[in-house]
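Work through the exercises below with the sequence and the model side by side. Try each task before reading its solution, which goes step by step.

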Amino acid sequence: MDADDETTAAMIDDEIYANGGGEDENRNRPIISGEPLDVEAYASLYGGRTKISRLLFIAEQSRGCRNEAMELEALRMAYDEVKKGENTQWFRDVAQKIDGRLGPEYQMDLAWCESVDRRAEQKREKLENELNAYRTNLIKESIRMGYNDFGDFHYSHGQLGDAFKNYVRTRDYCTTSKHIVHMCMCSILVSIEMGQFTHVASYVSKAEQTQEALDPITVAKLRCAAGLANLEAKKYKLAARKFLDTGHELGNNYNEVIAPQDIATYGGLCALASFDRAELKACILVLLSFVFWNKVIDNLNFRNFLELVPEIREVINDFYSSRYASCLDYLGNLKANLLLDIHLHDHLETLYDQIRNKALIQYTHPFVSVDLNMMANAFKTDVAGLEKELEALITDNQVQARIDSHNKILYARHADQRNATFQRALQTGNEFDRDVKSMLLRVNLFKHESNQKQSKKS
């Protein structure tokens with residue numbers, strides 16, 4: 001280990017012993033307050049159907065939390081967005097949810113719905129006639145474009161099942177790799193909207209097989225889609241790796257599905273919940289204030305995303321630096337807004353529990369004994385609650401220790417190093433013996449085969 005590594009290791013050890021109690025109060029860091037989500041700023045990050053879906057999700061969650069102001073703000077923006085498109089059923093649903101609470105300007109507009117439906121029927125007939133003509137002429141490219149146009153038509157009108165069927169039908173008429181990638185990307189988009197993430201994983205895999213047709217932006221989109229699929233499947237480590245590997249070329253080119261800020265949030269939380277300390281060091285330490293430049297993969301891609309969300313950067317920084325109380329405070333302040341995220345909502349409690357458990361495990365790891373009163377103070381909880389958490393971890397064999405409930409001390413159960421050394425020596429000897437016997441057998445086989453060949457020649 002060189003001098004820089006030793007200095008940094010000493011810093012980490014100091015932080016472990018402090019564990020939230022000795023952090024620098026004057027350190028320059030962003031202040032996270034529990035302010036409500038700025039719905040307008042949040043919605044501006046997205047486009048297409050996902051913008052409306054996220055606004056409606058925020059409205060639904062706000063209604064459950066009795067936050068009528070946020071609910072009406074989200075519904076107002078959703079109303080304006082829906083009216084820019086052609087999905088009349090969605091418009092009716094939004095108007096019904098508003099229920100006249102936003103005044104006469106945001107009421108049901110039956111004339112608009114009838115006009116849009118009339119134009120949609122005319123367009124449908126036109127597309128059907130064109131597709132029938134293409135089928136008669138047996139021109140594969142024209143047929144492909146016809147099905148693709150039908151898919152776009154159904155997608156814009158909210159008929160996601162029909163849109164998916166038409167996009168998939170273009171597969172039989174694809175003549176180039178780019179056509180296959182386009183079919184996969186359209187199918188992925190619709191599958192995400194429908195919540196069919198098994199289809200997402202399937203078409204991501206299919207698109208990745210045509211490497212010659214993939215540009216950096218498309219590769220970044222595929223990694224985002226794969227990350228979402230793994231997140232929904234609760235494969236948090238795989239999701240983290242996909243988000244961490246997403247190229248900075250993505251920018252705002254996939255805002256119909258995900259914003260760059262989401263990549264930092266999803267990737268950061270999944271990494272904290274699923275990566276061990278070594279993996280965090282290898283994948284994220286470049287983002288922190290002290291860096292093993294000669295040891296770490298320079299993950300510039302994720303760094304660019306993480307700069308957009310300094311709160312998540314600070315959470316990772318605090319967790320790695322063993323400032324667990326500060327880390328958990330940040331997460332607590334972020335929780336209310338993260339619960340309004342359409343993809344993260346169902347996983348947030350699990351991710352938070354895993355991050356907290358990892359913090360408890362890492363806190364106890366370097367010590368022979370731990371005062372539960374000091375530990376409870378570091379984690380800003382009561383001793384009784386901390387005991388229950390540690391009991392669960394000990395029962396699950398994640399913490400090798402026992403609790404002295406009377407004196408409120410946790411004693412580590414360290415393995416017998418002498419016995420372990422003897423066992424390793426015996427195992428090494430047995431492996432050496434086995435390898436020598438195998439080599440002798442091989443030599444004898446070669447010798448026997450050679451003698452047989454000589455006898456046959458004579």
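**Exercise 1. Find which residues Ser-62 is in contact with, leaving aside its neighbours within four places in sequence.**

Solution. Begin with the contacts themselves, where contact means heavy atoms within 4.5 Å: beyond those neighbours, Ser-62 is in contact with Asn-67, Met-70 and Glu-71. Next, place the residue in the chain: Ser-62 belongs to helix 3, which covers residues 48-64. Helices here (H or I, at least four residues) and strands (E, at least two) are DSSP runs, numbered from the N terminus. Then turn to burial, for which buried means under 20% relative accessible area, exposed over 50%, and partly exposed in between, with a 1.4 Å probe and protein chains only. Ser-62 has a relative accessible area of 2% and is therefore buried. Finally, take a distance: Ser-62 and Leu-72 are separated by 10 residues in sequence and by 9.0 Å in space, C-alpha to C-alpha.

Before going on, note that this is a predicted model, in which local features need pLDDT of at least 70 and side-chain atom pairs count only at pLDDT 80 or more, while totals for chains, interfaces and linings use all residues. Residues are numbered from 1 along each chain as its sequence is written, and side-chain values use heavy atoms, with hydrogens and water left out.

**Exercise 2. Describe how far helix 3 reaches and how many of its residues are buried.**

Solution. The 17 residues of helix 3 span 26 Å from the first C-alpha to the last, close to the 24 Å expected at 1.5 Å a residue; the expected span is 1.5 Å times one less than the number of residues. As for cover, 13 of the 17 residues of helix 3 are buried, so that the helix is mostly covered. Just after helix 3, Arg-66 adopts a positive phi of about 60°.

**Exercise 3. Decide whether Glu-81 and Asn-148 are buried or exposed, and list what each touches.**

Solution. Glu-81 lies in helix 4 (residues 68-82), and with a relative accessible area of 18% it is buried. Not counting residues up to four places away in sequence, Glu-81 touches Lys-51 and Ile-52. Asn-148 is found in helix 7 (residues 140-156), where its relative accessibility of 8% makes it count as buried. With the same exclusion of residues up to four places away in sequence, Asn-148 touches Tyr-167, Thr-170, His-182 and Cys-186.

**Exercise 4. Explain why the buried residues of helix 12 lie on the same side of that helix.**

Solution. First identify the residues: in helix 12 (residues 236-244), Tyr-236, Ala-239, Ala-240, Phe-243 and Leu-244 are buried. They cover an arc of only 130° around the axis, which puts them on the same side of helix 12; the arc is that of the directions from the helix axis to the C-beta atoms. An α-helix has 3.6 residues a turn, so residues three or four places apart point the same way.

**Exercise 5. Set out the order of the strands in the sheet and the way they pair.**

Solution. The 3 strands form an open sheet in the order 1-3-2, and the pairing is antiparallel; two strands pair if DSSP finds at least two bridges between them. Strand 1 (369-371) and strand 2 (401-404) stand at the edges with a single partner strand each, so one side of each has no neighbour in the sheet. Strand 2 and strand 3 (residues 409-412) pair over 4 bridges. Among the facing residues, Ile-403 has Leu-410 as its bridge partner, and Ala-401 stands opposite Ala-412.

**Exercise 6. Locate Lys-408 and Lys-380, and give the phi of each.**

Solution. Most residues other than glycine have a negative phi, and most peptide bonds are trans. Lys-408 nevertheless has a positive phi of about 60°; this residue is in the turn of the hairpin that strand 2 and strand 3 form with 4 residues between them. At 26% relative accessibility, Lys-408 counts as partly exposed. Lys-380 also has a positive phi, near 55°, and sits in the loop between helix 19 (372-378) and helix 20. At 59% relative accessibility, Lys-380 counts as exposed.
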